[in-house]
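Please examine the structure shown below. The paragraphs that follow lead from its sheet to its cores and then to the confidence of the model.

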Amino acid sequence: MINIGIIEDNYFQLNNYREFLEDFQECKVVFACKSMEEFRELSFREVDVNVILLDISLPGESGIQGMQELRRVYPEAKIIVLSGHDGKHYVIESIRNGANGYIIKTSRLMEIYHSILDAISEGGTLSPKAAHLLINHINKDPLEDVRHKLTKREYELLALLKEGYSYKEMADKLFVTVFTVNQHLKKVYQKLNVATKSELISKIWSNSLCTALLFVGFTGFYSNQFFGL
């Protein structure tokens with residue numbers, strides 16, 4: 001038996017999900033709430049929950065804010081976000097905060113059912129739109145987020161530093177002195193609020209690397225399905 005919890009503020013959708021899922025013999029909806037506040041008022045917590053379908057745009061406390069509590073109450077449950085938002089920010093923040101899946105609400109009900117099965121058997125699930133957003137984020141230039149803070153020369157130096165060039169090699173490539181390279185990078189350190197070269201490199205790669213690791217380890221099922229492996 002798959003015990004399912006649903007937190008969705010739209011009453012019509014909430015009942016639609018519940019009625020659809022309970023038509024499957026192996027599915028049982030153990031709670032259906034319209035907000036995190038309503039979830040806290042539940043009189044029972046002893047029932048094991050395998051999957052939680054969670055809207056992130058809730059009245060009061062958002063679904064993303066509520067994930068920590070859901071994880072504490074049901075540490076083994078797979079949390080699948082069901083959201084009307086298809087922006088990259090929402091997908092990444094949901095996964096970083098503990099979601100095991102992200103499904104766009106335009107998905108058919110049968111796709112949601114299969115996503116539940118995938119999350120249980122494979123550990124996670126992504127709708128095609130969410131997967132594309134993550135892939136595009138992973139493949140973007142890691143300097144993109146800081147480029148607007150830098151001069152053209154500072155960006156050139158940072159790009160070379162990212163590729164592993166030494167200060168002398170950067171100076172030779174740009175036909176400047178090592179002193180000039182040092183002066184430019186000092187300004188970069190100040191703009192990006194870092195103190196050392198290693199801290200600077202870490203900041204450049206951290207967001208893209210973290211997202212890449214999240215995606216690669218997120219779900220074997222979806223990676224195989226999406227890439228045709």
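Two strands count as paired if DSSP finds at least two bridges between them. On that basis, I52 stands opposite I79 in strand β4. The model in which this pairing appears is predicted.

The pairing belongs to an open sheet of 6 strands, with the order β2-β1-β3-β4-β5-β6 and parallel pairing. Its edge strands are β2 and β6 (125–126), each of which pairs on one side only. In general, strands of a sheet pair through backbone hydrogen bonds, either parallel or antiparallel. Strand β3 (residues 51–54) is joined to β4 in the parallel sense over 4 bridges, and β4 is joined to strand β5 (residues 101–104), also in the parallel sense, over 4 bridges. Within the latter pairing, V81 has Y102 of β5 as its bridge partner. Y102 in turn has L126 of β6 as a bridge partner, within a parallel pairing of β5 and β6 that extends over 2 bridges. Helix α5 (residues 109–122) packs on the sheet and touches β1 (2–7), β2, β3, β4, β5 and β6. The direction of α5 makes about 150 degrees with that of β4.

Helices also connect the strands around β4. A right-handed β-α-β unit is made by β3, helix α3 (residues 63–73) and β4; another right-handed β-α-β unit consists of β4, helix α4 (residues 88–96) and β5.

Why is strand β4 described as largely enclosed by the rest of the structure? The reason is that 5 of its 6 residues, which span 78–83, are buried, where buried means under 20% relative accessible area. K78 has its place in this strand, but K78 counts as partly exposed because its relative accessibility is 23%. Leaving aside residues up to four places away in sequence, K78 touches N50, V51, I52, N100, A119 and G123. The C-alpha atoms of K78 and I116 are separated by 8.4 Å, although these residues lie 38 residues apart along the chain.

The next topic is the nonpolar interior. In soluble globular proteins, nonpolar side chains tend to be buried together. The largest nonpolar core here has 29 residues, and those with the most contacts inside it are I7, F31, F39, I52, L54, L70 and Y102. Two or more residues of this core come from each of β2 (27–33), α2 (36–40), β3, α3, β4, α4, β5 and α6 (128–139). Helix α6 supplies the largest share, 4 residues. Beyond four places in sequence, I52 touches G5, F31, L70, Y74, A77, K78, I79 and I80. Apart from the largest core lies another core, of 20 residues, including I2, A32, I112 and Y113.

Further along the chain, helix α7 (residues 152–162) has as its buried residues E154, Y155, L157, L158, L160, L161 and K162. Just after α7, G164 takes a positive phi of about 100 degrees.

Finally, confidence varies along the model. The mean pLDDT of the protein is 83, and 83% of its residues reach 70 or more. Among its elements, β3 has the highest mean pLDDT, 97, and helix α11 (residues 220–227) the lowest, 40. The pLDDT is below 50 over residues 209–214, a stretch with 9 contacts in the model beyond near neighbours in sequence. Over residues 219–229 the pLDDT likewise stays under 50, and the model has 16 contacts for them beyond four places in sequence.

Definitions and conventions
Residues numbered from 1 in each chain as written. Predicted model: local features only at pLDDT ≥ 70, side-chain atom pairs only at ≥ 80, totals over all residues. Heavy atoms only, no water. Buried < 20%, exposed > 50% of the residue type's maximum accessible area, 1.4 Å probe, protein only. Right-handed = clockwise from strand over helix to strand, strands pointing away. Core = buried A, V, L, I, M, F, W, Y, C linked by side-chain atoms within 4.5 Å. Contact = heavy atoms within 4.5 Å. Axes fitted to C-alpha atoms, helices over the stretch in contact; angles between N-to-C directions. pLDDT = per-residue confidence, 0-100.
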